[in-house]
Amino acid sequence: MFTSQEPSKNNIIAIASGKGGVGKTWLSITLAHLFTRSGRRILLIDGDIGLANVDVQLGIAPTKDLTDVLRHQLPLKDAITHYHVGFDVIAGRSGSTSLANLSPEKLLGLKKDIHNIAHHYDYVILDLGAGIEHYVQFLASLAARCVVVLTDEPTSLTDAYAFVKLCSTKLNKTELSVVVNQAATQKDGERAYDALNKACSNFLGTSPSLLGVIRRDNKVRDAIRAQSPLVEKSPHTTAATDAAAISIKLLQRMCVPVSG
Ligand SMILES: Nc1ncnc2c1ncn2[C@@H]1O[C@H](COP(=O)(O)OP(=O)(O)OP(=O)(O)O)[C@@H](O)[C@H]1O
Ligand SMILES: [Mg+2]
């Protein structure tokens, strides 16, 4: 199935934030699940390598992960774990070496491998770590589209702004959009987006679009505690409904036809 092909990045979506703990990993998993339900073949990669937790939220214990790829030259395809709802996962490993310590050659190799593996899926979702370190920038640069997740807290807005600034100066080929998560109401979420957008257009001359608002919902925490995806556990709850609207919008924007 896996052969070497010309690199392409148009089906890679990075989920980023700036500030930690805003819901990147949860949103990455939820989008992977929703895209799978709509018939897409999905690979979810935990790009938060040193502090990985996709596997924890999913309640899986992969035997191989990205650390094996980077340390022992394991082919990337051999680090894939199939998750029972229908998507594939390449996990990270908490406490392992982070991408920050990798040589430029290793990073280049990883870039090629991710681009090659992306040919075998409709979409690859990259769950990024917090911050704007160079390895976060490196992973974001692999994606055609970057979804910046923020909450309505001032610190989250500031860090999201820093991430947009970085993208608009260094990653100008990556399309940006915004998700406001954990909002008390749709209106509060829109207000947070407006504040970010105003700063971006005033100081950066750019205007990332709003992909959607996800309301705060205790069922998210319950699902994470139960290590069971929200879409499976509580498909009609507020956050799942909001995320479903976002997944539809994102699919429309990515505009890649479903493969047969
Ligand atoms: N819509 C929501 N409603 C309520 N709680 C939420 C929502 N989204 C996320 N959370 C809470 O936020 C916590 C952090 O989520 P998550 O681990 O996905 O964030 P993260 O951005 O990936 O964090 P990190 O930067 O540490 O990787 C979750 O444990 C969950 O309890
Ligand atoms: Mg995370």
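These legends describe close-up views of a predicted model.

**View 1. The open sheet of eight strands.** Its strand order is 3-4-2-5-1-6-7-8, and the pairing is mixed. Strand 3 (80-82) and strand 8 (209-215) are the edge strands. Each of these two pairs on one side only. On average, neighbouring strands are turned by 25° against each other, direction ignored. Strands of a sheet pair through backbone hydrogen bonds, either parallel or antiparallel.

**View 2. Strand 1 between strand 5 and strand 6.** In the sheet order, strand 1 sits between strands 5 and 6. Strand 1 (residues 12-16) runs parallel to strand 5 (residues 123-127), and four bridges join the two. Within strand 5, Asp127 stands opposite Ile15. On the other side, strand 1 pairs with strand 6 (residues 145-150), also over four bridges and in the parallel sense. There, Ala16 has Val148 as its bridge partner.

**View 3. The two faces of strand 1.** Strand 1 is mostly covered, with five of its five residues buried. Ile12, Ala14 and Ala16 point one way. Ile13 and Ile15 point the other way. Both sets are buried.

**View 4. The largest nonpolar core.** This core has 82 residues. Those with the most contacts inside it are Ala14, Ile15, Leu44, Ile125, Leu126, Val148 and Leu150. Helix 1 (residues 24-37) gives the most to the core, with seven residues. In soluble globular proteins, nonpolar side chains tend to be buried together.

**View 5. The surroundings of Val148.** Val148 is one of the residues with the most contacts inside the largest nonpolar core. Leaving aside residues up to four places away in sequence, Val148 touches Ala16, Ser17, Ala160, Phe163, Val164, Leu176, Val178 and Pro208. Of these, Ala16 is also the residue that Val148 partners across the bridge between strands 1 and 6.

**View 6. The shell around ligand 1.** Ligand 1 has 19 residues around it. Gly20, Gly23, Lys24, Thr25 and Trp26 come nearest. Helix 1, strand 7 (175-183) and helix 8 (218-225) each give two or more residues to the shell. By class, the shell has seven nonpolar, seven polar and five charged residues.

**View 7. Strands 7 and 8 with helix 10.** Strand 7 and strand 8 run parallel, joined by five bridges. Val180 stands opposite Val213 in strand 8. Helix 10 (residues 238-254) lies across strand 5, strand 6, strand 7 and strand 8. Helix 10 runs at about 160° to strand 8.

Key
Residues are numbered from 1 along each chain as its sequence is written. Chains are lettered from A and ligands numbered from 1 in the order in which they are written. This is a predicted model: local features need pLDDT of at least 70, side-chain atom pairs count only at pLDDT 80 or more; totals for chains, interfaces and linings use all residues. A nonpolar core is a set of buried Ala, Val, Leu, Ile, Met, Phe, Trp, Tyr and Cys residues joined through C-beta atoms within 7 Å. A residue is buried if 20 or more other C-beta atoms lie within 10 Å of its own, exposed if 12 or fewer, and partly exposed in between; C-beta atoms are placed from the backbone. Two residues are in contact if their C-beta atoms, placed from the backbone, lie within 7 Å. Two strands pair if DSSP finds at least two bridges between them. A residue is near a molecule or strand if its C-beta atom, placed from the backbone, lies within 6 Å of it. Ala, Val, Leu, Ile, Met, Phe, Trp, Tyr, Cys and Pro count as nonpolar, Asp, Glu, Lys and Arg as charged, and the others, Gly among them, as polar. Axes are lines fitted to C-alpha atoms, for helices over the stretch in contact, and angles run from 0 to 180 degrees between N-to-C directions.
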